[in-house]
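This report covers selected elements and residues of one protein model. The sequence and structure are shown first.

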Amino acid sequence: MVTLVAGIDSSTQSCKVEVRELHTGRLVRSGRAAHPAVKIVDPEHWWQAMLLAVERAGGLNDVAALSVAGQQHTPVFLDADGAVVRDSPLWNDTGSHPQVRALNAELGFGEWVRRTGLPITLSDTVVKLRWLRDTDPESVRRTAAVAVVHDWLTWRLLGFGPGRADFSRLVTDRSEASGTGYWSGETGDYCTDLVEHAFGKTVILPRLLGPLDRAGVTAAGLPGIPAGIVIAAGSGDNAAAALALQLRVGDAVMSLGTSGVVYSRSAQPVHDYSGVICSYADATGDHLPLGATLNAARDLDAGIALLGCTYDELSALALQATPGAEGLTLLPYFEGERTPDIPDAKASLHGATLANFTRPNFARAVIEGMLASQVVMIEAIRACAVPVNRLLLIGGAARSPAVQQVLTEIIDVPLLLPEPGEYVTIGAAVQAGGALRGDFPDWQPVVREVPAAPTAHQIMSQHRAARRALSYDTGLEAPAPAPRARTHQLF
């Protein structure tokens, strides 16, 4: 009899469910449901979208185990009865940038890096806690526990929620905890004093599970989900993708979706005082040094909207132009930016002349600008003494031939292209299999190497020159570690 497992990805934009064979990893069926296109969301939307995605996947009546991966950082505030206190600010909501400044001023930028491995950004959970304290103190008063999206969905699958609030069953994993801004990669535990400092009070936090641990089993009465299915610990989205790709030390991944993400695998946590790389944990017990941009595939959306073309036509136009687009350079900070830390910035076009301002050059400038922003993060990972010997390219924008070629012109390592797939969902299914049988199934990803192109140094040179022209290099050059704060009792 074939054993089936399910992977669930509750991402920023949608919830995806895939049912796969445990032995082979073969996809059996799938379903998807959209999330609201806003940046402050009632968590009930995520629960209902998951149930709808399960229904569209044909239900889980024949599934033996499942796991939930999800967007990182985004908090869910719970009251003592297990009800949601208020809508949740997403990781990419830029309204919390003043709180980043406040927390860094109070404890010191270097202290956050030293304690948590995170140069805290507006994405991190701890910053959202301070945002709530500053903007909605009544909600802070009512909050008894704080979870992140995958933690809360797992808790709901266990049968808990409004009116049934057993917080001892609220669980998470290392990867998700590492993105909060109040977890230490050295100790493997929470820094509860940082929670109290940001939120002004203590709260219940999810209990940490190991990579192969079980959260429990599904409760009775869930639509399309029978009772008794084994539930794995779950993970953050990038940790799940790394698990699916079987990432090893020396590999890096560039994921081009709503955001741009670059991460690698490390046996040890890192501390990047330049403010680019966050020291997250992975889903295996290792670490996942990671950098992120707010702008990635949406840069291409902006390009096709202006040029009035399709994605394929944008790629074809870009390949008509020469590397460097004859000096035309785009800094693609359409949504502000996280790397570098300039949330109020706008996109800007540099070096335009009557001769070079053509459709092909503009198309190439869009793609070069998007990719140069990501390559900055590869450079920063290497500066943390983490090797990058191969680069795997995933995400919707990875399918563009121009994206593939331009990237080989910038990087100095082999570029590998895994076959298109929902790698976060696949990784969640791998984790479900691990919780069921005690070790992770060996589903080898299918990859091909992209033919190398001659290195085009001018692409990164133009990108750096444009950043310097607008003083955007601040925060991308490593300051000395800040001294430990002496005015706060932090242990």
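The text below goes through a sheet, a group of helices, a strand pair and two single residues.

The model is a predicted one.

**The seven-stranded sheet**

An open sheet is built from seven strands, and its order is S16-S17-S15-S14-S20-S21-S22, with mixed pairing. The edges are taken by strand S16 (278-281) and strand S22 (447-449); each has a single partner strand, so one side of each has no neighbour in the sheet. From one strand to the next, the twist averages 30°. Strands of a sheet pair through backbone hydrogen bonds, in either a parallel or an antiparallel way. Within this sheet, strand S14 (residues 250-256) and strand S15 (residues 260-264) run antiparallel and are joined by five bridges. Opposite Met 254 stands Val 262 of S15.

**Strands S6 and S8**

Strand S6 (75-78) pairs with S8 in the antiparallel sense, over four bridges. Val 76 has Ala 147 in S8 as its bridge partner. In a regular strand, side chains alternate between the two faces of the sheet. Strand S8 (residues 145-148) is covered on both faces: Ala 145 and Ala 147 are buried on one side, and Val 146 and Val 148 are buried on the other.

**Helices H2, H4 and H8**

Helix H4 (residues 125-135) has eight of its 11 residues buried, so the rest of the structure largely encloses H4. The buried residues in H4 are Thr 125, Val 126, Val 127, Lys 128, Leu 129, Arg 130, Trp 131 and Leu 132.

Two packed helices are described by the angle between their axes and the distance between the axes. For H2 and H4, the axes come within 9 Å and cross at roughly 105°. That crossing makes H2 roughly perpendicular to H4. On the H2 side, the residues that meet H4 are Gln 99, Val 100, Ala 102, Leu 103 and Glu 106; on the H4 side they are Val 126, Val 127, Arg 130, Trp 131 and Asp 134. Sorted by class, this contact of H2 with H4 has six nonpolar, one polar and three charged residues.

Helix H8 (residues 192-199) has Leu 194, Val 195, His 197, Ala 198 and Phe 199 as its buried residues. The buried residues of H8 pack against S6, H2, helix H3 (109-116), H4 and helix H5 (137-142). Gly 200 follows H8 and has a positive phi, near 85°.

**Ser 96 and Arg 56**

Which of the classes, buried or exposed, applies to Ser 96, and which to Arg 56? The table gives the values.

| Residue | Place | Relative accessibility |
|---|---|---|
| Ser 96 | loop between strand S7 (88-89) and helix H2 (97-107) | 1% |
| Arg 56 | helix H1 (residues 44-56) | 52% |

Ser 96 counts as buried, whereas Arg 56 is exposed. The cut-off for buried is under 20% relative accessible area, and that for exposed is over 50%.

Beyond its neighbours within four places in sequence, Ser 96 is in contact with Leu 122, Val 127, Lys 128 and Trp 131. With Lys 128, Ser 96 also forms a side-chain polar contact of 3.1 Å.

Arg 56, again leaving aside neighbours within four places in sequence, is in contact with Ser 30, Gly 31, Arg 32 and Ala 33. Ala 33 and Arg 56 are 23 residues apart along the chain, and their C-alpha atoms are separated by 8.2 Å.

Terms used. Residues numbered from 1 in each chain as written. Predicted model: local features only at pLDDT ≥ 70, side-chain atom pairs only at ≥ 80, totals over all residues. Heavy atoms only, no water. Pairing = 2+ DSSP bridges. Helix = DSSP H or I, 4+ residues; strand = E, 2+ residues; numbered from the N terminus. Axes fitted to C-alpha atoms, helices over the stretch in contact; angles between N-to-C directions. Buried < 20%, exposed > 50% of the residue type's maximum accessible area, 1.4 Å probe, protein only. Polar contact = N/O pair within 3.5 Å; in protein donor to acceptor, adjacent residues only side chain to side chain. Contact = heavy atoms within 4.5 Å. Parallel < 35°, antiparallel > 145°, perpendicular 65-115°, else oblique. Nonpolar A, V, L, I, M, F, W, Y, C, P; charged D, E, K, R; others polar.
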